[in-house]
Structure formats: C-alpha cells, structure tokens
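Thanks for sharing this one with me. My notes follow as numbered points, to be read with the structure open beside them.

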Amino acid sequence: LGLLGGMLLLFAFAFNISVGPNSPTFSTMSFSVVALFQIALGEVSFIEADRAPRALSTILFVLFILIVGVVTLNLFVGVLLDVYPAAKRASEADWEELLTDMM
C-alpha cells in the first residue's frame, strides 16, 4: 500500500467522518479518496466552506497539504540521491573518454 497510500486512506477516513455529513465531496469513503488524491496532485478545490465545520476542515486540510508535501519532497530527494552516484560515474567516464580522445 505504501506510505502515501496509507496516509491518503487515513486522511480520507478523517475527512469522511468529520466533514462528510456536511459535504457531498467527502460524503463517501471513495469520494474522499478521489478528492484528496486530486488535492495531492495540485487541484486544490477547498471544501465547501459554508457547509463544512470550518475549523476542523481547515486543520485537516492544512495538515494533509503539509504532510503530503513533506513526504513527496522526501521521496523526490531519495530518488535523486539514489540516481546521483550512477550519473556521476557515467559523467566521469564520458569526461575521461573525451580527454583521451583529445590527446
């Protein structure tokens, strides 16, 4: 399931329980998962403010954005650090080959 998937399900459950009865966007668990997935991808359509409990929905929304942002950035840095040594070795090999061809 993975870290992001587990967090998505936990937040979907939290939004469904707390905001769901007042908002059609989070009325079912599947709608909650889809809405949070869209929010995580950058399509931020905040909860219908007039229908949802304002303080609770705002806290959940900000927590979701912060945690997903940190985890996504961490995954990105992990991938870069994993690929960097191989790219550096390939670059050094190409540079050495270029230097030997020039001499």
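Which residues are buried in α1?

1. **The buried residues of α1.** G6, M7, L8, F11, A12, F15, N16 and S18 are the buried ones in this helix. Please keep in mind that the model is a predicted one. What lies over these buried residues of α1 includes α2 and α3.

2. **The chain as a whole.** The chain has three helices and zero strands, and the order from the N terminus is α-α-α. Of the 103 residues in the chain, 23% are buried. About 7,200 Å² of the chain is exposed, and 71% of that area comes from carbon and sulfur atoms. If we take the contacts between residues at least 6 apart in sequence, 57% of them join residues at least 24 apart.

3. **A check on the length of α1.** This helix passes a simple test. With 17 residues at 1.5 Å a residue, α1 should span 24 Å, and the C-alpha atoms at its ends are indeed 24 Å apart, so the two values agree.

4. **The core.** The largest nonpolar core has 15 residues, and those with the most contacts inside it are F11, F15, F26, L36, I39 and F64. The elements that contribute two or more residues to this core are α1, α2 and α3. Several of the names in that list come back in the points below.

5. **The aromatic pairs, part one.** How many aromatic pairs are there? The count comes to two. One of them is formed by F11 and F64, with an edge-to-face arrangement: the centres are 5.2 Å apart and the planes make an angle of 70°. This pair links distant parts of the chain, since F11 belongs to helix α1 (residues 2-18) and F64 to helix α3 (residues 54-102), 53 residues apart. Both F11 and F64 are buried.

6. **The aromatic pairs, part two.** F15 and F26 form a stacked pair, 4.8 Å from centre to centre with 20° between the planes. F15 sits in helix α1 while F26 sits in the loop between α1 and α2, so the pair ties together parts that are eleven residues apart in sequence. Are these two rings buried or exposed? F15 has a relative accessible area of 0%, so it counts as buried. F26 has a relative accessible area of 1% and is therefore buried as well.

7. **Around F64.** Which residues does F64 contact, leaving aside its neighbours within four places in sequence? They are L8, F11, L36, I39 and A40. F11 in this set is also the edge-to-face partner of F64, and F11, L36 and I39 are among the residues with the most contacts inside the core.

8. **I39 and I65.** I39 is part of helix α2 (residues 29-40), and I65 is part of helix α3. The two are 26 residues apart in sequence, yet their C-alpha atoms are 8.1 Å apart in space. I65 and A40 are 25 residues apart along the chain, with 7.1 Å between their C-alpha atoms. Burial is worth a look here: I39 is buried because its relative accessible area is 6%, whereas I65, at 34% relative accessibility, counts as partly exposed.

9. **S32.** This serine lies in helix α2. Its relative accessible area is 0%, so S32 is buried. What does the side chain of S32 reach at 3.4 Å? The partner is the backbone oxygen of F26. Not counting residues up to four places away in sequence, S32 touches A12, N16, T25 and F26. Of these, F26 also stacks with F15, while A12 and N16 are among the buried residues of α1.

10. **S18.** A second serine to inspect is S18, found in helix α1. Its side chain reaches the backbone oxygen of A14 at 2.7 Å. S18 has a relative accessible area of 17%; the limit for buried is under 20%, so S18 counts as buried.

Key: Residues numbered from 1 in each chain as written. Predicted model: local features only at pLDDT ≥ 70, side-chain atom pairs only at ≥ 80, totals over all residues. Heavy atoms only, no water. Helix = DSSP H or I, 4+ residues; strand = E, 2+ residues; numbered from the N terminus. Buried < 20%, exposed > 50% of the residue type's maximum accessible area, 1.4 Å probe, protein only. Phe/Tyr/Trp six-rings, centres within 6.5 Å; stacked < 30°, edge-to-face > 60°. Expected span 1.5 Å × (residues − 1). Contact = heavy atoms within 4.5 Å. Core = buried A, V, L, I, M, F, W, Y, C linked by side-chain atoms within 4.5 Å. Areas by Shrake-Rupley, 256 points an atom, 1.4 Å probe, with all protein chains shown as cover. Polar contact = N/O pair within 3.5 Å; in protein donor to acceptor, adjacent residues only side chain to side chain.
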